[in-house]
Amino acid sequence: MPGSRRMLWLAIGVLVTVAVPAGVVSGGMAEPVLLADQDGGGSDMNIDLAVRQVTVAPVRAQAGDVVHVDVVIENKAEGSQTTSAHLLVNGKVVASELFTWGWSPGERLHRLSFNWDTQKVPPGEYRIRVEAYVREDSSPFDNRLDVTQPLLIVPAGSAFPGGGAAGGSATETDPRFDTSRIGG
């Protein structure tokens, strides 16, 4: 019985320590006491990814062509994780790629490439977006970038409106990004 009484008092002590706000014990304002990793984060790291540049080629394609999309993503803060980047066409994910960022402070820029096969895509204009979200990101507003010039797809073997030729490219760059960092 003496052992169970000690266990009871130990359990009461633990419950009081967790449940009683720190300020109440000292007579001040009531504030919650958080034990290790009870704040939901467990870290004071600032995580901030940004999709900085997206290049689409060709922007005039025939159904069945492969559209190539190059992406630059910047790790603007701390941390290391493996995250998915998604290529969206007219709001629908058509390709995803996992990439690991943050291994070293010198590796701030990550280059990814997507290939979108338009074999079964109906003719029309398509809007391209790339997204790379991390749940803990401190500024999620820059986790996506839309290419403003639409991609035009015509039926295989057809001419383009206005007599244009297949090909061309469109690059969208986040205006807050220092493009001199991209390199060659």
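Buried here means under 20% relative accessible area, exposed over 50%, and partly exposed in between. The legends below describe close-up views of a predicted model.

**View A. The salt bridge between arginine 176 and aspartate 174.** The side chains of the two residues meet at 2.7 Å, N to O. Aspartate 174 has a relative accessible area of 3% and therefore counts as buried, being under the 20% limit. Arginine 176, at 52%, is exposed, because its value is over 50%. Both residues also belong to a network of salt bridges that links Arg52, Glu74, Asp174 and Arg176.

**View B. The surroundings of aspartate 48 in the loop between α2 (22-26) and β1 (49-57).** With a relative accessible area of 7%, aspartate 48 is buried. Its side chain makes a polar contact with the side chain of serine 139 at 2.7 Å. Leaving aside residues up to four places away in sequence, aspartate 48 touches Glu74, Asn75, Lys76, Ala77, Asp137, Ser138, Ser139 and Asp142. Serine 139 is thus named both among these contacts and as the polar partner.

**View C. The salt bridge between lysine 76 and aspartate 48.** The closest N and O atoms of this pair are 3.3 Å apart. The pair links distant parts of the chain, 28 residues apart: lysine 76 is in the loop between β3 (66-75) and β4 (81-89), and aspartate 48 is in the loop between α2 and β1. Lysine 76 has a relative accessible area of 33% and is therefore partly exposed, whereas aspartate 48, at 7%, counts as buried.

**View D. The salt bridge between arginine 129 and aspartate 146.** Here the closest N and O atoms are 2.6 Å apart. This pair, too, links distant parts of the chain: arginine 129 belongs to strand β8 (residues 128-131) and aspartate 146 to strand β9 (residues 144-146), with their positions 17 residues apart in sequence numbering. Arginine 129 has a relative accessibility of 25% and so counts as partly exposed. Aspartate 146 is also partly exposed, with a relative accessible area of 37%.

**View E. Salt bridges in the structure as a whole.** The structure holds eight salt bridges. Side chains of opposite charge can pair when their charged atoms come close. Among the pairs are lysine 76 with aspartate 48, arginine 129 with aspartate 146, and arginine 176 with aspartate 174.

Conventions. Residues are numbered from 1 along each chain as its sequence is written. This is a predicted model: local features need pLDDT of at least 70, side-chain atom pairs count only at pLDDT 80 or more; totals for chains, interfaces and linings use all residues. Side-chain values use heavy atoms; hydrogens and water are left out. Helices (H or I, at least four residues) and strands (E, at least two) are DSSP runs, numbered from the N terminus. Buried means under 20% relative accessible area, exposed over 50%, partly exposed in between (1.4 Å probe, protein chains only). A polar contact is a pair of N or O atoms within 3.5 Å; within protein, one must be able to donate a hydrogen and the other to accept it, and residues adjacent in sequence count only if both atoms are side-chain atoms. Contact means heavy atoms within 4.5 Å. A salt bridge is a side-chain nitrogen of Lys or Arg within 4 Å of a carboxyl oxygen of Asp or Glu.
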